[in-house]
Amino acid sequence: MKVIDFALEMEEMGKDYFRRLAAEASMNGVRTVFTMLAEEQQELYDTFLAIKRGASAHCNADSQALERAREAFAKIFAPDGAHLALLKTDLAAYEHAMQVEAAIVSFCEELAERERDEEARALLREIAAEERRHYDTVESIHDFVAAPRWHLCWGESSNLREM
């Protein structure tokens with residue numbers, strides 16, 4: 001199986017997964033989070049499609065390991081992967097998305113390490129790097145949303161004293 005085709009299939013599964021979660025979400029904030037994540041998956045799909053269409057030397061790399069890995073990857077986006085009842089806040093939705101993205105990054109990195117073909121390994125590393133950037137974006141948004149829980153908002157309620 002061509003590595004780039006696997007990456008495109010992976011992003012399509014992710015987009016469908018987050019769209020399904022958005023459709024099932026009852027709270028607007030959670031729905032917005034998952035809709036945004038589906039759009040991010042589409043952007044990654046477009047990035048990988050550009051790599052496929054571009055002049056990348058290793059974009060046609062073929063991997064035998066991907067056929068066996070397809071089932072393992074599909075479990076990440078299994079329909080019962082998220083219990084929507086537990087995702088009652090946008091922060092919980094971002095935390096779930098971070099778990100999914102971390103699993104994808106780990107999956108891609110493991111595939112790259114096991115791959116014997118050097119061109120396929122290079123492309124898998126490139127895909128893992130793109131997925132890591134996507135994870136970093138989700139993590140940054142999560143940290144922004146969670147900031148009020150971690151930092152004092154008002155000086156009046158501070159336990160800090162001037163020296």
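In what order do the elements of the chain run from the N terminus on? They go α-α-α-α-α.

**View 1. The whole chain, a predicted model with five helices and zero strands.** Helices (H or I, at least four residues) and strands (E, at least two) are DSSP runs, numbered from the N terminus. Of the 163 residues here, 42% are buried, meaning under 20% relative accessible area with a 1.4 Å probe, protein chains only. Take the contacts (heavy atoms within 4.5 Å) with a separation of 6 or more: 79% of them join residues 24 or more positions apart. The accessible surface adds up to about 9500 Å², with 51% belonging to carbon and sulfur atoms; that area comes from the Shrake-Rupley method with a 1.4 Å probe.

**View 2. Helix α1 (residues 3-24) against helix α4 (residues 90-114).** Their axes, lines fitted to C-alpha atoms over the stretch in contact, come within 13 Å and cross at roughly 170°. Angles run from 0 to 180 degrees between N-to-C directions, and those over 145 count as roughly antiparallel, so that is the label for α1 and α4. The crossing is right-handed, which is to say the near helix is turned clockwise from the far one by less than a right angle. On the α1 side, look for F6, M10, Y17, F18 and L21; α4 answers with H96, A97, V100, E101, I104, F107, C108 and L111. By class that makes eleven nonpolar, one polar and one charged residues. Here Ala, Val, Leu, Ile, Met, Phe, Trp, Tyr, Cys and Pro count as nonpolar, Asp, Glu, Lys and Arg as charged, and the others, Gly among them, as polar.

**View 3. Helix α2 (residues 28-53) alongside α4.** These axes come within 8 Å and cross at roughly 30°. Angles under 35 degrees count as roughly parallel, so α2 and α4 get that name. α2 passes α4 in a right-handed crossing. G29, V30, V33, F34, M36, L37 and Q41 of α2 meet D90, A93, Y94, H96, A97 and E101 of α4. The mix is eight nonpolar, three polar and two charged.

**View 4. V3, a residue of helix α1.** V3 counts as buried because its relative accessibility is 0%. The C-alpha atoms of V3 and K52 are 9.8 Å apart, with the two positions 49 residues apart along the chain counted as their separation.

**Notes.** Residues are numbered from 1 along each chain as its sequence is written. In this predicted model local features need pLDDT of at least 70, side-chain atom pairs count only at pLDDT 80 or more, totals for chains, interfaces and linings use all residues, and side-chain values use heavy atoms, with hydrogens and water left out.

Technical notes
Buried means under 20% relative accessible area, exposed over 50%, partly exposed in between (1.4 Å probe, protein chains only). Angles under 35 degrees count as roughly parallel, over 145 as roughly antiparallel, 65 to 115 as roughly perpendicular and the rest as oblique.
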